[in-house]
Amino acid sequence: MYRRELLTIISYYGEQYQIDKAIEEMSELTQALIKARQDPDNLTEENVLEEVADVWVMIEQLKLIFKGQEVVEEYVDYKVSRQMQRIMNESRQRRKLLKKS
């Protein structure tokens with residue numbers, strides 16, 4: 001999705017610039033999340049979601065720059081599976097503790 005356009009953007013601005021831009025966008029997302037956590041009454045979900053979109057675009061570019069689409073997908077599969085296993089293990093532990101009490 002958007003591969004051609006993202007390659008054009010990378011080619012136009014250059015890889016190093018886009019890597020720097022990715023760092024900037026991730027920082028902006030971090031700031032938006034901190035602000036949302038510190039002041040939930042003034043949460044602007046739109047701002048957080050816009051920053052998520054910016055980071056997503058940059059991550060897609062990073063995967064192209066580092067030629068890592070498949071590797072990233074493998075890591076995602078592994079990490080999601082690992083976390084699901086942790087949840088299952090923790091749930092079993094909780095059930096055991098509840099039975100004892």
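This passage looks at a buried glutamine, a nonpolar surface patch and two residues with positive phi in a predicted model.

The model is a prediction, so to speak of local features a pLDDT of at least 70 is needed, side-chain atom pairs count only at pLDDT 80 or more, and totals for chains, interfaces and linings use all residues. Residues are numbered from 1 along each chain as its sequence is written, and side-chain values use heavy atoms, with hydrogens and water left out.

Q18 sits in helix α2, residues 15-38 (helices are DSSP runs of H or I, at least four residues, numbered from the N terminus). With a relative accessible area of 4%, Q18 is buried (under 20%; exposed is over 50%, partly exposed in between, using a 1.4 Å probe and protein chains only). Beyond its neighbours within four places in sequence, Q18 is in contact (heavy atoms within 4.5 Å) with I9, I10 and Y13, and also with M58, Q61 and I65.

Over on helix α4 (residues 69-100) there is I87, partly exposed at 40% relative accessibility. Together with V76, V80 and M84, I87 makes a nonpolar surface patch of about 340 Å².

Then there are the backbone oddities. Most residues other than glycine have a negative phi. Y2, not a glycine, has a positive phi of about 65°; Y2 lies in the segment before α1 (3-13) and is partly exposed, at 48%. K67, not a glycine either, has a positive phi of about 50°. K67 belongs to the loop between α3 (45-65) and α4, and is exposed at 71%.

Notes. Helix = DSSP H or I, 4+ residues; strand = E, 2+ residues; numbered from the N terminus. Patch = residues over 30% accessible without salt bridge, like charges linked within 9 Å, V, L, I, M, F, W, Y side chains within 5 Å. Areas by Shrake-Rupley, 256 points an atom, 1.4 Å probe, with all protein chains shown as cover. Salt bridge = Lys/Arg side-chain N within 4 Å of Asp/Glu carboxyl O.
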